[in-house]
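Please take me through this model stop by stop, telling me what to select in the viewer and what I should find at each selection.

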Amino acid sequence: MEPQAKRRKEMDKYDTWDVLPVLSDEQSRDTELLPAYAAPIIEKRQTSRLVKELSLIYPLPGLQHIKRVRACKDKSTPHPLEVIVCLARDVQVIDRKGVTLTDLLRSQSFDSSGLGEPFLVKIPANPPLTRPQFEKASKHWPTSFHEDKQVTSALRGQLFTADQKAKMQEYMAAAVEAAKSGGEMGMDAVGAVIVDPESEQIVAVGHDCKRGSHPLHHAVMVCIDLVACGQGGGTYNYEKYPACRFSSSESFRNACYAKETGQPYICTGYDLYVTREPCVMCAMALVHSRINRVFSGAPSADGALGTKYKIHCQKYLNHNFEVFNGVMLNACEALFKK
Amino acid sequence: MEMQADSVEPEKSDFLQPLDSEIQTWMSKAFDMALEALENGEVPVGCLMVYNNEVIGKGRNEVNETKNATRHAEMVALDQVLDWCRFREKDPKEVCEQTVLYVTVEPCIMCAAALRLLHIPLVVYGCKNERFGGCGSVLDVSSDHIPHTGTSFKCIAGYRAEEAVEMLKTFYKQENPNAPKPKVRKDLISPPEGAVVIQVKRGPQDEESETIAPLS
């Protein structure tokens, strides 16, 4: 009886937190709409010619996701199809409501037979990246959608299995423990753990040391240097802080890095668990270190992985990574309420 | 409070406007450091931290030798500044608030944040850092409103920029044997050919950044 009760208690613990992806602005933004003119296709046989000629006159650059023609779902409409003629900004008309085909198509060469009089519609300005965006966009005008399955399932909270969540809890618990040890030594209670997800081994554990010897020794910076120590490099000595440690056993290394070069390269392929959302220095340090994924506990005021910046999906940086937050949220929040 | 601020102001603004001759002296030493980095197979960035006309920290990139990707020139130099303070039992914040960083390349996002956290008020740099720059190129950490991340700082940019770019180009022509295969971005615009644009940033309260004549 006892083990079962214990298991139930464990399960309850996972249910109290959710892992949520921190999406890019492009992925999480609301569907922006652009006013456009559409017209009914009265003669269905003219469709392909009309589409071809319209896209020569009005190619709609940057709107490749828009399907030019839509079927009228309502069977009572007199015409079966409708086509986008142009964007409202492509033409200058005085009265938008009373606009005619001739207003829109001044080109002599265009044969508008088969096309009815235009009307205003709103079309999505950007390609939908997530299913919620796709569903919203489609209500206005049909779009193509290349679904990122991972993002969709992450948004549904289904990305991780119970077993994976248990593992996450194990790693974050180690980060919380490190944070507490640091706290007991007078540091800010922030902890971090770097894990090799392939071998499921903890590579480094660190906590904030900035109130000790060095004001830049945030937990993440400590961890990055501890990983370097494990690879035969590193800059600092952490003897004063017994909770800060790294793994560098030969067997472990051989198991993980026989792949390409046989050499580990900084934090490539590793996951970070950190009790508090990293600041901009630490977030960029993770870009430089080529971290694979970051699991973060509680948000922070100037946080750079979702709050103030989204360094992990910043365009023009040479490395992007995935970020999930909310892991053991309550336990992580409790750390800095003390 | 008002009065006190006023009485401090003239000294501070003098300090924030180093003479051309000073810039020349310190930057030429920073370039020597960058060259040393290049000769050691590291990204050619060199820097100096100057306090009361004295170099209290210097650094060059040492990422490869430490296997730690955060060991940029500025981080190395900041360590020396802290050691200098510890040795003399001086308060790091008080010293840093009077220290100028001279660096051959615009600090990256990480280093810009580190400089904020330590309250460095002024950075003089050579060329822009189009790939990682934290003082306007990719992000503007130097002057953004992030009140829990130290204090904003001012930049004087463009000193011997072409030369700094040339050194970077020389480095990137060589292969880095430690790096994994780079991810190529199609939409990445190549940096302008050593464009010398000097911008003076005045922190968050002053939105405008003005362009002044290039230093010669």
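## First stop: the sheet of chain A

Begin by selecting the strands of chain A that make up an open sheet of four, arranged in the order S3-S4-S2-S5 and paired in the antiparallel sense. Bear in mind throughout that this is a predicted model. At the edges of the sheet lie strand S3 (69–71) and strand S5 (119–124) of chain A, each of which has a pairing partner on one side only. If you look along the sheet, neighbouring strands are turned against each other by 45° on average, with direction ignored.

Next, select residues 33–41 of chain A, which are strand S2, together with S5(A); these two strands pair in the antiparallel sense over six bridges. Strands of a sheet pair through backbone hydrogen bonds, either parallel or antiparallel. To see one bridge in particular, pick A:Tyr37, whose bridge partner in S5(A) is A:Leu120.

Now add residues 47–57 of chain A, helix H3, which packs on the sheet and touches S2, S3 and strand S4 (81–87) of chain A. The direction of helix H3 makes about 10° with that of S4(A).

## Second stop: where the chains meet

Show both chains and colour the contact, to which chain B gives 38 residues and chain A gives 37 residues. Between them, chain B and chain A bury about 3,200 Å², with 65% of this area on carbon and sulfur atoms. On the chain B side, select helix H4 (73–88) and helix H6 (109–117), each of which supplies at least two residues of the side that touches chain A.

How many salt bridges are found across the interface of chain B and chain A? The rule finds zero salt bridges there, whereas it finds nine residue pairs in polar contact across this interface, with both residues at pLDDT 80 or more.

## Third stop: a salt bridge within chain B

A search of the whole structure, taken over all chains, does find 19 salt bridges. For one of them, select B:Glu36 and B:Arg60, whose closest N and O atoms are 3.1 Å apart. B:Glu36 belongs to helix H2 (residues 20–39) of chain B and B:Arg60 to strand S2 (residues 54–60) of chain B, so the pair ties together parts that are 24 residues apart in sequence.

## Last stop: an annotated stretch

Finally, select residues 21–137 of chain B, which UniProt lists, in an unreviewed entry, as "domain: CMP/dCMP-type deaminase". Over this stretch the chain is 45% helix and 22% strand, and its end C-alpha atoms are 27 Å apart.

Note on methods:
Residues are numbered from 1 along each chain as its sequence is written. Chains are lettered from A and ligands numbered from 1 in the order in which they are written. This is a predicted model: local features need pLDDT of at least 70, side-chain atom pairs count only at pLDDT 80 or more; totals for chains, interfaces and linings use all residues. Side-chain values use heavy atoms; hydrogens and water are left out. Two strands pair if DSSP finds at least two bridges between them. Axes are lines fitted to C-alpha atoms, for helices over the stretch in contact, and angles run from 0 to 180 degrees between N-to-C directions. Contact means heavy atoms within 4.5 Å. UniProt positions are given in the numbering used here, feature names are shortened, and annotations may be inferred rather than shown by experiment. Buried area is the accessible area (1.4 Å probe) that two parts lose on being put together, summed over both. A salt bridge is a side-chain nitrogen of Lys or Arg within 4 Å of a carboxyl oxygen of Asp or Glu. A polar contact is a pair of N or O atoms within 3.5 Å; within protein, one must be able to donate a hydrogen and the other to accept it, and residues adjacent in sequence count only if both atoms are side-chain atoms.
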